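Welcome, and please open your viewer for a short backbone tour. Have your selection tool and a torsion display ready.

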Amino acid sequence: MKTPVLFPNPTEGYMSIDLKEKHEYIAIEITSLDGKIVSRTDYISVSKVQLNLQGKPGIYFFEIIGNEGRTARYKVIKR
């Protein structure tokens, strides 16, 4: 998996994720700072994802999980 880019960070809620290449399957799991899962969404045949980070302002962790088992983890600040 090439290194994905998440922007903007910090964010007001709306974010884009550029995966840098097309993936047949990925899952994006968002957790709060205290470890609670905020959301998990599966995507099929994508190279870019747009999403709206729900929840209160704070720090969140995004984990991008590819079908080959590789993961990328990011810290995102929501204003």
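What you have on screen is a predicted model. A word of background before the stops: most peptide bonds are trans, and most residues other than glycine have a negative phi. The stops below concern exceptions to those habits.

**Stop one: the loop after β1**

Start by selecting Phe7 and Pro8. The peptide bond between Phe7 and Pro8 is cis, with omega near -10°. Pro8 sits in the loop that runs between β1 (5-7) and β2 (14-32).

Stay in this loop and add Asn9 and Pro10 to your selection. How are Asn9 and Pro10 joined, cis or trans? The bond is cis, and its omega is about 10°. Pro10, too, belongs to the loop between β1 and β2.

**Stop two: strand β2**

Next, select Lys20, which you will find in strand β2. Lys20 is not a glycine, yet its phi is positive, at about 70°. Now show the surface around Lys20: is the residue buried, exposed or partly exposed? Its relative accessible area is 45%, so Lys20 counts as partly exposed, given that the partly exposed class lies between the 20% and 50% cut-offs.

**Stop three: strand β3**

Finally, move to Ser45 in strand β3, which spans residues 37-52. Here is another positive phi in a residue that is not a glycine: for Ser45 the angle is about 55°. With a relative accessible area of 32%, Ser45 is partly exposed.

To end the tour, put Lys20 in β2 and Ser45 in β3 on screen together and inspect their backbone torsions.

How values were computed. Residues are numbered from 1 along each chain as its sequence is written. This is a predicted model: local features need pLDDT of at least 70, side-chain atom pairs count only at pLDDT 80 or more; totals for chains, interfaces and linings use all residues. Side-chain values use heavy atoms; hydrogens and water are left out. Helices (H or I, at least four residues) and strands (E, at least two) are DSSP runs, numbered from the N terminus. Buried means under 20% relative accessible area, exposed over 50%, partly exposed in between (1.4 Å probe, protein chains only).
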